[in-house]
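Welcome, and thanks for taking a look at this one with us. Take a moment to turn the model around before reading on.

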Amino acid sequence: MRGFWERLTGATCPGCGQPLKEPLLCPACQALLVPRHLPFLVYLGDYRQVGRLPRALKYRGQRALAELLGSRLALGVQQAGWGLAGVTAVPSTWPRLLARGYNQAELLAQAAARALGLPYLRVLRRRGLGPSQTQKTQLERTALPQNLFYPTRSIGGHWLLVDDVMTSGTTFLRARKALLEAGARRVYGAVIAVKSPHRLARYFL
C-alpha cells in the first residue's frame, strides 16, 4: 500500500527512483550512507551505489539533500577526530554558478560546518571558464593546471575541503594545494561519492 507522502506528491527517491513513502530519501538509500574513511578522506559510498544522489543535488535542483548528506559527512569527520579549524568547498566557475544558482559542494560544506559547529569560509577561487569535469576524459582530468585554484584569504590550522564527487582526485589535489598555500597546516577531504576508492588511496596515505 502506498504511503501518504507518495500519494500526496507522486515523488520518487532520488537515490534509487522508487516511489517515496516519506520525504527526501527512502530508508534503503539512507542506510547506504554510512561514512567510510581513508586516512585523510571521508566519503559516503562508491559512485556505483550512491551516484544518483550527487546528480540529483547538482543537476535536478534537489538542494534539500545537502543537509542530510552534509550531516552524514559531518558524522564521518567526528568519527575521524581531525580537530578542524574550519570548513570550505571546492569552488565552481561563475558561468556554472549563474546557470545553476548554487555550488553543490558549498551547500554540502555549509551543512557539514553547521553539524560540526565550525565556521564555513570561502577560501578559494577557480581560474578559467573551462568545461565541466564531467565532460572530460580521465587523462584530461589529470592534466589540470597546478594553479587551477588560488586562495583569497589567509587561514591556519586543519581544514576540511568538501566536494560532491571524487573521480581521479586531481581537482581535490589542486584545491588542497591552494589551501596549503593559504596557510592551512593540513587539509582533509569529504565527498558524497568516489568512483575508484582503491585508486584514490595513494593520495591519502
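## A strand covered on both faces

In this predicted model, strand β6 is covered on its two faces: H158, L160 and V162 are buried on one side, and W159 and L161 are buried on the other. Five of the five residues of β6, which spans 158–162, are buried, so the strand is largely enclosed by the rest of the structure.

What flanks β6 in the sheet pairing? β3 is joined to β6 by four bridges, and the two run parallel. Within that pairing, G86 sits opposite W159 of β6. Strand β8 (residues 186–194) also pairs with β6 in the parallel sense, over five bridges, and here L160 stands opposite Y188 of β8.

## The second largest pocket

Now for a spot you may want to inspect by eye. The second largest pocket holds about 410 Å³ of space. Its lining has 20 residues, of which P91, W94, L97, R122 and L124 are the closest to the pocket centre. The elements giving two or more residues to this lining are β3 (86–89), α6 (94–100) and β4 (124–126).

Which element gives the most to the lining of this pocket? That is β4, with three residues. By class, the lining has ten nonpolar, six polar and four charged residues.

## The whole protein

Stepping back, the protein has ten helices and eight strands. Of its 205 residues, 50% count as buried. The protein exposes about 10000 Å², with carbon and sulfur atoms supplying 54% of that area.

Among contacts with a separation of 6 or more, 74% are between residues 24 or more positions apart.

Methods
Residues are numbered from 1 along each chain as its sequence is written. This is a predicted model: local features need pLDDT of at least 70, side-chain atom pairs count only at pLDDT 80 or more; totals for chains, interfaces and linings use all residues. Side-chain values use heavy atoms; hydrogens and water are left out. Buried means under 20% relative accessible area, exposed over 50%, partly exposed in between (1.4 Å probe, protein chains only). Contact means heavy atoms within 4.5 Å. Accessible areas come from the Shrake-Rupley method with a 1.4 Å probe; for residues, only the protein chains shown count as cover. On a 1 Å grid over the protein atoms alone, a cavity is a set of points where a 1.4 Å probe fits but cannot get out, and a pocket is an open set with protein on both sides within 12 Å along at least five of seven lines; lining residues have an atom within 4 Å of a point. Grid points are joined across faces, edges and corners, and a volume is the space filled by probe spheres set on the points. Ala, Val, Leu, Ile, Met, Phe, Trp, Tyr, Cys and Pro count as nonpolar, Asp, Glu, Lys and Arg as charged, and the others, Gly among them, as polar. Two strands pair if DSSP finds at least two bridges between them.
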